[in-house]
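Please work through the exercises below with the sequence and the structure at hand, trying each task before reading its solution.

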Amino acid sequence: MDQPTMFEPRGVAEDTACLTAYLPVPVFGMLPVNAFVIDAAEPVLVDTGLAMLREEFMGALRRVIDPKALRWIWLTHVDPDHLGNLAAVLAEAPNARLVTSFLGMGKLNMHGVAVERAYLLNPGQRLDVGDRELQAVAPPVFDAPETTGLLDTRTGALFSADCFGAMMDAPAGSAEEIPEGALRRGMLGWAAVDAPWLQTVDAALFGERLETVRRLQPTGIYSSHLPPAFGMADALLDILEEAPAAPLFVGPDQAALERMMSGAG
């Protein structure tokens with residue numbers, strides 16, 4: 001796979017659908033880029049996919065739900081792979097409010113998003129979506145300070161933004177399908193790229209942050225960058241506990257890039 005590819009949307013729980021794309025990453029393989037639709041009484045879209053796949057993403061979204069029915073768009077953070085199709089979604093979802101933090105709203109304002117569309121929520125607070133509450137959660141691993149995940153209090157599913165992401169060799173339907181060694185290698189590699197600050201944290205303090213997730217007892221983990229993981233919270237947290245001691249990521253320099261572009265390897 002050498003081009004970004006959008007897959008068919010699929011149900012990952014009784015009332016949750018996953019909209020998945022795969023983004024090829026030179027040297028590393030590929031990275032899943034997920035958005036989710038929660039079919040609550042007040043439907044919620046979590047993140048908005050890759051702009052380079054706008055037509056494919058909007059088509060997939062429409063196959064899951066009429067965008068006009070959306071009442072909430074939960075933007076986990078303001079990175080391009082999460083923000084990508086926000087303008088297109090907002091245009092087709094006139095009644096939807098955009099859930100973000102104060103810092104996220106500030107960044108979104110620089111993208112021309114009207115403050116009136118925003119709904120500010122901090123970790124620990126909850127959003128009532130009619131038949132359940134969504135609890136805002138600060139994931140233990142992140143690459144942007146405004147990152148806010150969410151726990152679906154009805155299903156126990158944790159939507160974890162970049163946390164628990166993994167570089168992958170090939171697409172997979174669920175995290176359970178990834179061999180244990182490849183999952184560990186992929187998660188630690190992604191954490192080193194996405195959150196290099198992990199190399200500077202106190203391991204014990206970081207362990208305490210992981211325990212806050214463990215205490216949530218999520219039934220499933222829906223990362224933006226990992227196939228859905230069911231009943232794997234402890235295993236995934238155990239892998240992340242190794243992240244502060246993982247090797248520091250150093251990317252290719254210009255000479256290496258030119259060799260790659262020339263096909264010299």
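The exercises that follow concern a predicted model, and each is a task with a worked solution.

**Exercise 1. A charged residue in a loop**

Task: Find where R132 lies, decide whether R132 is buried or exposed, and list the polar contacts that the side chain of R132 makes with other side chains.

Solution: Begin with the position in the chain, where R132 is found in the loop that runs between β9 (126–128) and β10 (133–137). Next, take the relative accessible area of R132, which is 5%; since buried means under 20%, R132 is buried. Then look at the polar partners: the side chain of D15 makes a polar contact with the side chain of R132 at 2.7 Å, and the side chain of D131 makes another with R132 at 3.1 Å. Finally, setting aside neighbours within four places in sequence, the contacts of R132 include D15, I38, D39 and L127, as well as D152 and R154.

**Exercise 2. Pairs of aromatic rings**

Task: Classify the ring pair F36 and Y222 and the ring pair F142 and W197, and say where each pair sits in the chain.

Solution: A pair of aromatic rings is described by the distance of the centres and the angle of the planes. The count of aromatic pairs in this model comes to 8. For F36 and Y222, the centres are 5.4 Å apart and the planes stand at 20°, so this pair is stacked, given that planes under 30 degrees apart count as stacked. The two residues come from distant parts of the chain, with F36 in strand β4 (residues 29–38) and Y222 in strand β13 (residues 220–222), 186 residues apart. F36 is buried at 2% relative accessibility, and Y222 is buried at 4%.

The pair of F142 and W197 is tilted, with 5.0 Å from centre to centre and 35° between the planes. This pair also links distant parts of the chain, for F142 is in the loop between β10 and β11 (149–152), while W197 is in the loop between α5 (180–194) and α6 (203–216), 55 residues apart. F142 is partly exposed, with a relative accessible area of 23%, and W197 is partly exposed at 28%. As a last step, note that F36 and Y222 belong to one aromatic cluster together with F159 and F230.

**Exercise 3. A buried acid**

Task: Locate D79 and find the nearest side chain of opposite charge.

Solution: D79 is in the loop between β6 (72–74) and α2 (80–83). The nearest side chain of opposite charge belongs to K107, at 5.8 Å. A salt bridge requires atoms within 4 Å, so D79, although buried, has no salt bridge. Not counting residues up to four places away in sequence, D79 touches D143, A144 and D162.

**Exercise 4. Nonpolar cores**

Task: Name the residues of the largest nonpolar core that touch the most other members, and follow M187 to its contacts.

Solution: In soluble globular proteins, nonpolar side chains tend to be buried together. The largest nonpolar core here has 33 residues, of which F164, L183, M187, L226 and L236 touch the most other members. The elements giving two or more residues to this core are α5, α6 and α7 (233–240). Leaving aside neighbours within four places in sequence, M187 is in contact with F164, G165, A166, L236, I239 and L240. Another core, of 28 residues, lies apart from the largest one, and its members include A21, A88, L98 and L108.

Note on methods: Residues are numbered from 1 along each chain as its sequence is written. This is a predicted model: local features need pLDDT of at least 70, side-chain atom pairs count only at pLDDT 80 or more; totals for chains, interfaces and linings use all residues. Side-chain values use heavy atoms; hydrogens and water are left out. Helices (H or I, at least four residues) and strands (E, at least two) are DSSP runs, numbered from the N terminus. Buried means under 20% relative accessible area, exposed over 50%, partly exposed in between (1.4 Å probe, protein chains only). A polar contact is a pair of N or O atoms within 3.5 Å; within protein, one must be able to donate a hydrogen and the other to accept it, and residues adjacent in sequence count only if both atoms are side-chain atoms. Contact means heavy atoms within 4.5 Å. Rings of Phe, Tyr and Trp (its six-membered ring) pair if their centres lie within 6.5 Å; planes under 30 degrees apart count as stacked, over 60 as edge-to-face and the rest as tilted. Lys and Arg count as positive and Asp and Glu as negative; His and the chain ends are not counted. A nonpolar core is a set of buried Ala, Val, Leu, Ile, Met, Phe, Trp, Tyr and Cys residues joined through side-chain atoms within 4.5 Å.
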